Amino acid sequence: MKSRVIISLILLGNILVAGDVKITEDLKSVVIQEGDSSITIERIQDTKHRLTSNFSKTSRECPPFCVQPMHIGDVETIGELELLKYIQDMQKDDADMLLIDARTRDWSKEGSIPTSTNLPFTMLKKNSKYLKKILSLLGAKNINGKWNFDKVPTMIIFSNGIWDAQATKAIKSLVELGCPEDKILYYRGGMQNWNILGLTIK
Amino acid sequence: MLIKKITILLLVGLSSIYAKSDLMSGLTDIVDKAEEVKTENKKVLDYAFKQRMRTQWMARDALLISMDFNSSFYQKELLANADAFNENFNNLINSKEDIKKAEKIDSNFSKKIEDVKEIWSKFYDSVKNISKNGKDKDSLKFIEDNNIKLLDDIAYIFTNFIQSYQSTDKLEASMAHIKSMLYTQVGKPRMYINKLVKERLLIEQNINKKENQDSLEESIKYMDKLMKALKDGDKDLELNGTEDIKILEKLSNSQKIWEEVKALSLKKKITKDELQTLILKNEEFIKVQTEVVKLTRESNDN
C-alpha cells in the first residue's frame, strides 16, 4: 500500500513537472541582448493557451495568400531550431548575419521575431526608389552597374509563413539583383509557425 | 601586451556591434520614411469615406430645415458639414501631384474635377442660403436634385485616386485591395443610413414620391445585405466577415438600431414623435458605426 502511494506521488510529480513548455527537451529558452535590454525567447507556458489572433485563420484568399514552396532555388530553408541557433550566434561579436522581416509595415508592426529588422519585400524590387540606399547600407557595392554582395551579411528572411509570398518575393528579388543564394536563408514557417509554437514576439 | 590584445579585441567587438545596430537603425529609417509617404496616401481614403456620408447628410439636413424640424440646430449642422466637405475637397483637388497620378488612369480626370468643382460650388451656395433661410425652395431643390450626382462624382474621384496609389507589385496591390474593400464597405452603412432617411423624408414631403419609394426600398435591401456581410462575409461585396469580439459587439448594437430605423422607414405614415426618433436613431447609428470603422482599422484584420 505504502509503495503504491509512493509510486503515485512519483507519477503525480512527473505530471506536474511535465507542465514545463520547453523549446526542446534540453532547451528552455534563449536569452538575447537587443539594444540595452535583454529578451528571453521562450514558449508561452500556459498549456491551455490557444491562438485567437489572425494566425488562427485557416482559409485566406489565394491569390494573394497562396501556399509557398519548400525551396526557393538553391536557398537553404530552415526551421525554428536552426533560426534560434542563428539568433544566438548573431549575438557574437563577429556574427555577420541579419534577420529580415520581409513583410509590409502594417503586418510587421503587429509583432515580429526578436532581433529582426523590418525590410518590406516591395523595397527590394528592381524598380524600388529605395533599393540603392538599402543595398549600399547592407554593404553591397555597385561595380559597373552590377551589385556585388561580398560584404553583405548572410540574410535570414521570413514573412507570415507557409501561406505568404512576401519572403519568397524578397528572396527572388535579391537573387535577381545578383545576391549569391548561399548568402540567404529562408525561414519558411515564418510568423505562423512562430506563433503556433507560442514563441516570444517583440 | 595581453591587456593591449584584449583592448583591441574589445574594440573590434564593440565596433561590430555598433556597425550592426547602425545597419539595423539605418534600414528602419528608410522604411519609416517610405511609410510616411504611404500614410499621406491613406489620408485620401479617410477623406473619401467622410465625403460620401456628408453628401447625404447635407441633403437630409436641408430637408429637415425645410420641414421646420429643429431648424436652427440643423442650419448650424448643415453649414458645418458643408464647410468640412469644402475643406476636404479643396485639400484633395489642390494636390497637383495626386491629380497627375490619377490622370494616368483616366485622361479626362482634370476635366471631371472641374465639373465636380462647378456642381459643388452651386451646392455649397445652396447650403449657405438654406442655413440663412430655411424656406429657400430653389436652394432645397438644387440640393435634392444634385446630391446623388455629387455622391457619385465624389466616389468616382476617390476611386481614381485610390487606384493611382496602387502598388505596381501584384502581391502588394492584391493585399491592399482586400484592405481597401474592407474599409470601403465598413464605411458605407453611414452613408446609406443618411440616404435612406433622406428618401423617407422626401416621401413624407411628397417630393418625387414614387421614385423615392423605389430608392428607399433598394437602399433598405442593400443595407440589410451590407450589415449581414460585415458580420458573416459576402462574396459579392468582397467581405470576409469578422470574428473580432469587440467589432461583433458594436455591429450587434448598430444592427439593433438599424432594425428600428428600418421599421420606422417602412411605415406608411409617421408621426412627429416617430420622425424625431428616426432622426435620433439615424445619428445614434452613425456614432456606433463610426466606432466599427475605427475598430476595424485598429484590428488590422489581415
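The exercises below concern a predicted model with chains A and B, each followed by a worked solution.

Local features need pLDDT of at least 70 and side-chain atom pairs pLDDT 80 or more, while totals for chains, interfaces and linings use all residues. Residues are numbered from 1 along each chain as its sequence is written, chains are lettered from A in the order in which they are written, and side-chain values use heavy atoms, with hydrogens and water left out.

**Exercise 1. Describe the interface of chain A and chain B.**

Step 1. Count the residues in contact (heavy atoms within 4.5 Å). Chain A contributes 39 residues and chain B 29.

Step 2. Take the buried area, which is the accessible area (1.4 Å probe) that two parts lose on being put together, summed over both. The two chains bury about 2,900 Å² between them, and 59% of it is on carbon and sulfur atoms. In chain A, the residues that lose the most area to chain B are Asp93(A), Arg105(A) and Leu137(A), together 20% of what that side buries.

Step 3. Look for salt bridges (a side-chain nitrogen of Lys or Arg within 4 Å of a carboxyl oxygen of Asp or Glu). There are four between chain A and chain B. Arg105(A) pairs in this way with Asp32(B), with 2.8 Å between the closest N and O atoms.

Step 4. Assign the chain A side to helices (DSSP runs of H or I, at least four residues) and strands (E, at least two), numbered from the N terminus. Elements giving two or more residues include β4 (97-101), α3 (105-108) and α5 (166-177) of chain A. The element that gives the most is α4(A), with four residues.

**Exercise 2. Place strand β9 (residues 184-187) of chain A among its partners and give the directions of its side chains.**

Step 1. Find the paired strands (at least two DSSP bridges between them). Strand β3 (residues 76-78) of chain A runs parallel to β9(A), joined by three bridges. Strand β8 (residues 154-158) of chain A also pairs with β9(A) in the parallel sense, over three bridges.

Step 2. Follow Leu185(A). Opposite Leu185(A) stands Glu76(A), and Leu185(A) is also the bridge partner of Ile156(A).

Step 3. Sort the side chains. Ile184(A) and Tyr186(A) point one way, Leu185(A) and Tyr187(A) the other, and all are buried (under 20% relative accessible area, 1.4 Å probe, protein chains only; exposed is over 50%, partly exposed in between).

**Exercise 3. Which peptide bonds in the loop between β2 (37-42) and β3 of chain A are cis?**

Step 1. The bond from Cys62(A) to Pro63(A) is cis, with omega near -10 degrees. Pro63(A) is in that loop.

Step 2. The bond joining Pro63(A) and Pro64(A) is cis too, with omega about 5 degrees. Pro64(A) lies in the loop as well.

Step 3. For background, most peptide bonds are trans.

**Exercise 4. Describe the surroundings of Asp68(B) and the salt bridge within helix α5 of chain B.**

Step 1. Asp68(B) is in the loop between α1 (2-66) and α2 (71-93) of chain B. Asp68(B) has a positive phi of about 60 degrees although it is not a glycine.

Step 2. Asp68(B) forms a salt bridge with Lys135(B) (3.6 Å, N to O). The pair links distant parts of the chain, 67 residues apart. Lys135(B) is exposed, at 53% relative accessibility.

Step 3. In α5 of chain B, Lys149(B) and Asp153(B) are four residues apart, about one turn of the helix. Their closest N and O atoms are 3.1 Å apart. Lys149(B) is partly exposed at 39%, whereas Asp153(B) is buried at 5%.
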